[in-house]
Amino acid sequence: MPLPLPLAARLALILGALWLAQTVIVMAAGAGQGLGSPTGGAPGGAPGGAPGRIDVFKPDGSRQCEPDSGTSIAAMREQLTAAGIEVHAARTTTDGMHHAQVCGAPTGRIHVFTIDAAAAETAADLGFLPGAAIGLPPPGAVDSPAPGEGPSTP
């Protein structure tokens, strides 16, 4: 039996708030690690990663049942480049979290950008989070994109 629209809308808001809270908790857990590298140490990367580069990500803001919702990867890349940050690679994937299947709830889609580790704080000021916060592999490591989503490079 379908949920009445007001209840479905409230559920979508609650789920969105829970997703945001979970993201904040994950960020807080890694807050002491710093933004210098995927492992939280000095810039230079982890074994198998690109030296001096990190992945940062930002949710695209897309909502289920709203096909044109969310920010495009090109628009997010422009946010970074406008701030003087060189983007070495970009891709769209998912945040790896479970999302309730209900119209209006977040899709979990994120845009991931490989940038120089020295630009991490500038990216953070723009709302981009370190990929290590959600367990993204370091730049240069083998990463299989989600079905139907492929890598995008400059």
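**Exercise 1. The disulfide**

Identify the two cysteines joined by a disulfide and state the distance between their sulfur atoms. Then locate both residues in the chain, give the handedness of the bond, and classify each cysteine by its accessibility.

*Solution.*

Step 1. In this predicted model, the disulfide joins C65 to C103, with an S to S distance of 1.9 Å. This distance satisfies the cut-off of 2.5 Å for a disulfide. The count for the model is 1 disulfide.

Step 2. C65 belongs to the loop between β1 and α2, and C103 to the loop between β2 and β3. The two cysteines are 38 residues apart, and the pair thus links distant parts of the chain.

Step 3. The torsion about the S-S bond of C65 and C103 is about -65 degrees, so the disulfide is left-handed.

Step 4. A residue is exposed over 50% relative accessible area and buried under 20%, with partly exposed in between. C65 has a value of 57% and is therefore exposed. C103, at 48%, is therefore partly exposed.

Step 5. The backbone of C65 also deserves attention. Most residues other than glycine have a negative phi. C65, which is not a glycine, has a positive phi near 70 degrees.

**Exercise 2. The order of helices and strands**

How many helices and strands does the protein chain contain, and in what pattern do they follow one another along the sequence?

*Solution.*

Step 1. The protein chain has 3 helices and 5 strands.

Step 2. Along the sequence, these elements are arranged as α-β-α-β-β-α-β-β.

Step 3. The contacts of the chain may now be considered. Of those between residues at least 6 apart in sequence, 73% join residues at least 24 apart.

**Exercise 3. The strands around β3**

Determine how β3 pairs with β2 and with β1, and decide whether β3 is mostly covered or mostly uncovered.

*Solution.*

Step 1. β2 and β3 are antiparallel and pair over 7 bridges. Within this pairing, T93 stands opposite I110 of β3.

Step 2. β1 and β3 also run antiparallel and are joined by 7 bridges. Here R53 stands opposite D116 of β3.

Step 3. In β3, 6 of the 8 residues are buried, and this strand is mostly covered. β2 is likewise mostly covered, with 6 of its 8 residues buried.

**Exercise 4. The two faces of α2**

Which residues of α2 are buried, and why can they be said to line one face of the helix?

*Solution.*

Step 1. The buried residues of α2 are M76, R77 and L80.

Step 2. Viewed down the axis of α2, these buried residues fall within an arc of 100 degrees, so they line one face of the helix.

Step 3. The face turned away from this buried side carries the exposed residues A74 and A82.

Step 4. Just after α2 comes G84, with a positive phi of about 85 degrees.

**Exercise 5. The nonpolar cores**

Name the residues of the largest nonpolar core that touch the most other members, state which elements supply at least two residues each, and list the contacts of A123 beyond its neighbours in sequence.

*Solution.*

Step 1. In soluble globular proteins, nonpolar side chains tend to be buried together.

Step 2. The largest nonpolar core has 14 residues, of which V56, L80, F113, I115, A123 and F128 touch the most other members. At least two residues of this core come from each of β1 (53-59), α2 (73-82), β2 (87-94), β3 (109-116) and α3 (120-125).

Step 3. When neighbours within four places in sequence are left aside, A123 is in contact with V56, L80, I85, I115 and F128.

Step 4. A second, separate core has 5 residues, including I110, V112, L129 and L136.

Step 5. A124 lies in helix α3. This residue has a relative accessibility of 32% and is therefore partly exposed. A124 and V56 are 68 residues apart along the chain, with their C-alpha atoms separated by 8.4 Å.

**Exercise 6. The chain as a whole**

What percentage of the residues is buried, and what percentage of the exposed area do carbon and sulfur atoms supply?

*Solution.*

Step 1. Of the 154 residues in the protein chain, 35% are buried.

Step 2. The protein chain exposes about 8,500 Å², and carbon and sulfur atoms supply 61% of this area.

Technical notes
Residues numbered from 1 in each chain as written. Predicted model: local features only at pLDDT ≥ 70, side-chain atom pairs only at ≥ 80, totals over all residues. Heavy atoms only, no water. Core = buried A, V, L, I, M, F, W, Y, C linked by side-chain atoms within 4.5 Å. Buried < 20%, exposed > 50% of the residue type's maximum accessible area, 1.4 Å probe, protein only. Helix = DSSP H or I, 4+ residues; strand = E, 2+ residues; numbered from the N terminus. Contact = heavy atoms within 4.5 Å. Pairing = 2+ DSSP bridges. Arc of directions from axis to C-beta. Areas by Shrake-Rupley, 256 points an atom, 1.4 Å probe, with all protein chains shown as cover.
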